[in-house]
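Reader: I would like to learn how to read aromatic pairs and cysteines in a model, and I would be glad of a guided example.

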Amino acid sequence: MSRGILFRGKRIDNGEWGEGSYFKCDGRSFICSDPECNTSMYMKPGYWMGTFFEIDPSTVCQYTGLTDKNGRKIFEGDIFKFNDEVWESSYTACGTEYDSWEVDNYGVVGYDNETARYDFCKYKYGENSVEADLHENHGLEFADFIQELKVGGNIFDNPELLRN
């Protein structure tokens, strides 16, 4: 038995998300939500079986195999919010003074080809977009770090989370 790979995409007919096997036929993109779906048998027009629906191909996201702290599946394009403490030092006549404050970080899940794993592929740190390994600052691997957080949205339904 082969391991199934799970995808999600926004349905053309109602704009809702659907999960299942992803396949293309005649230039159109589909999700088959039948757990026993074998997409190779669906590649021939006129031979449609199971529960399938057409999706917007620009919204196709693959399941990472990870879940958030509530057990929700994490897909590419999911956005996570987490807080960090920022420290600033200044030198005065009395010595070095330190100040700190909390900032909101946002990370978008994507596949990192360099490390061949899922990771944050885009970030918003406070009010700025940055390129940094945000979870490394917490001393955790991505898979461990992400499972302590909650999915806060995704790039399709909640793009405002990443705007400056």
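Author: The turns below take up the fold, the aromatic rings and the cysteines. This is a predicted model, in which local features need pLDDT of at least 70 and side-chain atom pairs count only at pLDDT 80 or more, while totals for chains, interfaces and linings use all residues. Residues are numbered from 1 along each chain as its sequence is written, and side-chain values use heavy atoms, with hydrogens and water left out.

Reader: How many helices and strands does the protein have?

Author: Helices (H or I, at least four residues) and strands (E, at least two) are DSSP runs numbered from the N terminus, and the protein has one helix and eleven strands.

Reader: How is a pair of aromatic rings described?

Author: One gives the distance of the centres and the angle of the planes. Rings of Phe, Tyr and Trp (its six-membered ring) pair if their centres lie within 6.5 Å, and planes under 30 degrees apart are stacked, over 60 edge-to-face, the rest tilted. The structure holds ten such pairs. In one of them, the centres of Phe120 and Phe145 are 6.3 Å apart with planes at 85 degrees, so the pair is edge-to-face. Phe120 belongs to strand E9 (residues 117-125) and Phe145 to helix H1 (residues 142-146), so the pair ties together parts 25 residues apart in sequence.

Reader: Which residues do ring pairs link into a cluster?

Author: The cluster consists of Phe82, Phe120, Phe142 and Phe145.

Reader: How many disulfides does a search of the whole structure find?

Author: A disulfide is a covalent bond between the sulfur atoms of two cysteines, taken here as a pair of cysteine sulfur atoms within 2.5 Å, and the search finds zero.
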